[in-house]
Every structure is written in C-alpha cells, then in structure tokens.
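Work through these exercises with the model open beside you. Try each task before reading its solution.

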Amino acid sequence: MSALSAHCTAGASRQVRLAARPRGRTDGDTWEITTAPVPEPGDGAFVVRTELISVDPAMRGWLDDVRSYVPPVGVGEVMRAHAVGRVVTSRHPDYPEGSVVSGTFGVCEHALVGPGGIPLRAAGVEVVDESIAPASVWLGALGFPGKTAYFGLTDVARMRPGETVLISGAAGAVGSTAVQIAKLHGCRVVGVAGGPDKCAWLTDELGADAAVDYKAGSVGRALRAAAPDGVDVYFDNVGGPLLDSALAQLRTHARIALCGAISGYNATEPQPGPSRYLSLLVNRASMQGFIIFDYADRFPEATAALSAWIRRGLLATPTQIVDGTVDDFGATLNKLFDGANTGKLMLRIA
C-alpha cells in the first residue's frame, strides 16, 4: 500500500479508494468510500483538511495497470489527486495551523503529511498565496494545468512571435491557458473545442483568432479555413483523428507538443497511431511528448510568469467548481469525458 493510501485518512469523514480497475468509463463499481480516524501528527508533520480537489483527464490513465510516468493507483488505495486544503493540526514550523497549502493529498477529507504520512516531497506541498489569486486558481492557472501550458509552449514547442499555434482541447484547463499564453507571446492562435458556445468563448473571451468546432462537420476542412497557411505549433491535448488532421496542416519545421490524448482514455482497445506521420518527414517537423513533473525544478519560474500576467489582468483563470462531497468524485471525473466542463474542473468538499 502506498504512503498516500496508508495515511490519507479522515475521522468521521471519508476517502475514495479504487475498488476495481474500470474497463472504459468509470462507474459506481470503480470506487469505494471508506472511513478512518483523523491521524494525530508527530514532530515534523501536519494534517490538511482538503477543500478543493483537482479533477483532471490524467486521472483516468492512473487507473490502468500499465507502465506510465507514475505508478498506477493500486486497488484498495486512495485515489491520487492534487488538492488545496487548510492545515488543521500541525507540528511543522513551516506549515502552521490555518495556512492554506496545495499538494498531492488524494481524494479524501483529511491527509497526514510528513513523517508517518505522505512524504513532503512526494506530496509536492506548496503554500498558497491568496494575495495573488484565490485558492482555486492554484489548482488551475497557477497549478499543474497552467505550468503544463507554459512549459509545453515555451520549451517543448518553442513558439515564436508571429507563428500560428493550433491548440486542441482549447476550452479545457490546460488548453484555455495555452490559448492565452500563445497570444501573450504574439502568436496567431486557433483553438479546437466542442460546440458553438465553447468556440465563441475562445474567440470572444480568451482572444483566440479563430476556433474550430470538431463536432460540426469536417475538421480538416475547418482547419484549412482557419489556418490557410498551415500551423507552426500544434499543442495536442486530444490525440486520435484530430492529431491526423493537424499533421496535414503542418508547416516546414513545425513542432508538435504532445500533452495528452483524452479522446482515447476510456478506450477498451489499443488506439491506432497517426496515419499521417510522414508529414513530420516531409516538413522536417518534430513531435515530442512531455510530462509536467520533468520541470519540477523550474516551477517557480512558471509561477512567477503566470502570477505576473494574472496581476496585470492579462490572464483569465476560468474555473468550474462542483460543490459536493467525496461521493461526487466519480461523477465529476466523468464530466471531463462528456465535454461538460469549461476551464479548470474541480470538486469543492463541503
């Protein structure tokens, strides 16, 4: 049993554990709600009462027993999740009672962090500065989604002013931030989203130059109309057929940053790779996957840049918060795969 599973406990309250590995979408059989006493912290430890739980597409991948960038969540373990909470009991001088912190605390109501609990380094604990932005933003634009967009565009895709940047999943947590960062760097931005309302939001609210509705007819034709001269950068959150359509639009020396492939996360069979991969050869283009944890030592750089844009009113921080209890985690997770969210999705624990 992992450190997270062993110590993410809640007295007279509950946590969500993986009951069975899902095949396809998660359902009621996937999860088990359990209770345990709130632990008493020893020297150098503290207890967090979680208030906001991040809900992310990557969570679905963590449920499959396959080799990946992190070990899968074990059956019987507390579901892995990034969260924001308040320190309620502390014997650690850097995290006094009442302070607000973010970290990988799991889908639970209380977490013990430090000796005897989740190791501080494993939890990635960060003190939340609410003078910069509300706690919810530290799970979105100032959290992993914002940092993913930042490093994916600046380091992996190496975008330059004047280039055309195409972003799939553009109305999601990572995509909506990526749209704005690309615009702040002087790029022409085309976002792909599902439905006319989301597309209008991308252009009218976030400043995208064009938006493509992947649910409305031929995506390839729509991409050619939105980017008639091709694309220099493709930031991919979706994978699947949309990746093939983007490959067909590459310009010479284009770069693709592979961030995610949400279109296939609930698939029950292995998904085929792109059929138009020779576009990489013809255009002398590159395609690189990346994981945000690779940039952990540079997180302060991203936080500083993102915070500055937020302070200046240049970066919107859209969030969608579901109010409920840990019981609502499974249904909230499935909203991601129904395209029901705009911006960063999270669950607020009552």
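**Exercise 1. Which residues form one aromatic cluster with Y69?**

Solution. This is a predicted model. Select Y69 and look at the rings around it. F144, F293 and F299 join Y69 in one aromatic cluster. Now widen the search to the whole structure. Nine aromatic pairs turn up.

**Exercise 2. Classify the ring pair Y150 and W309, then place it in the chain.**

Solution. Step one is the geometry. A pair of aromatic rings is described by the distance of the centres and the angle of the planes. For Y150 and W309, the centres are 6.4 Å apart and the planes stand at 55 degrees. Stacked needs planes under 30 degrees apart, edge-to-face needs over 60, and the rest are tilted. The Y150 and W309 pair is therefore tilted.

Step two is location. Y150 sits in helix α4 (residues 144-156) and W309 in helix α10 (residues 299-311), so the pair ties together parts 159 residues apart in sequence.

Step three is burial. Y150 and W309 are both buried.

**Exercise 3. Do the same for F151 and Y295: what are the distance of the centres and the angle of the planes?**

Solution. The ring centres of F151 and Y295 lie 4.5 Å apart. Their planes are at 10 degrees, so this pair is stacked. Next, trace the chain. F151 belongs to helix α4, while Y295 is in the loop between β13 (286-289) and α10. The pair links distant parts of the chain, 144 residues apart. Finally, check the cover. Buried means under 20% relative accessible area. F151 has 0%, so F151 is buried. Y295 has 12%, so Y295 is buried too.

**Exercise 4. Where does I53 lie, and which residues does it touch?**

Solution. I53 is in strand β3 (residues 46-54). Its relative accessibility is 0%, so I53 counts as buried. Now list its contacts, leaving out residues up to four places away in sequence. I53 touches A81, H82, A83, G106, V107, C108, L139, M346, L347 and I349. Take one of these, L139. I53 and L139 are 86 residues apart in sequence, yet their C-alpha atoms are 8.1 Å apart in space.

**Exercise 5. Is G61 buried, partly exposed or exposed?**

Solution. Find G61 in helix α2 (residues 58-62). Its relative accessible area is 35%. Partly exposed covers the range between 20% and 50%, so G61 is partly exposed. Then measure across to N266 on screen. G61 and N266 are 205 residues apart in sequence and 8.5 Å apart in space, C-alpha to C-alpha.

**Exercise 6. How many of the eight residues of helix α8 are buried?**

Solution. Helix α8 spans residues 240-247. Go along it residue by residue. L242, L243, D244, S245, A246 and L247 are buried. That makes six of eight, and the helix is mostly covered.

**Exercise 7. Describe the whole protein: what are its secondary structure, radius of gyration and buried share?**

Solution. Start with the elements: eleven helices and 15 strands. The radius of gyration is 20 Å, close to the 20 Å from the globule rule for 350 residues, so the protein is as compact as a globular protein of that length. Its C-alpha atoms fill a box of roughly 60 × 45 × 35 Å along the principal axes. Of the 350 residues, 55% count as buried. The exposed area is about 14,700 Å², with 51% supplied by carbon and sulfur atoms. Last, the charges. There are 31 positive and 35 negative ones, and their mean positions are 6 Å apart.

Technical notes. Residues are numbered from 1 along each chain as its sequence is written. This is a predicted model: local features need pLDDT of at least 70, side-chain atom pairs count only at pLDDT 80 or more; totals for chains, interfaces and linings use all residues. Side-chain values use heavy atoms; hydrogens and water are left out. Helices (H or I, at least four residues) and strands (E, at least two) are DSSP runs, numbered from the N terminus. The radius of gyration is taken over C-alpha atoms; the globule rule is 2.2 Å times the number of residues to the power 0.38. Buried means under 20% relative accessible area, exposed over 50%, partly exposed in between (1.4 Å probe, protein chains only). Accessible areas come from the Shrake-Rupley method with a 1.4 Å probe; for residues, only the protein chains shown count as cover. Lys and Arg count as positive and Asp and Glu as negative; His and the chain ends are not counted. The place of a charge is taken as NZ of Lys, CZ of Arg, CG of Asp or CD of Glu. Rings of Phe, Tyr and Trp (its six-membered ring) pair if their centres lie within 6.5 Å; planes under 30 degrees apart count as stacked, over 60 as edge-to-face and the rest as tilted. Contact means heavy atoms within 4.5 Å.
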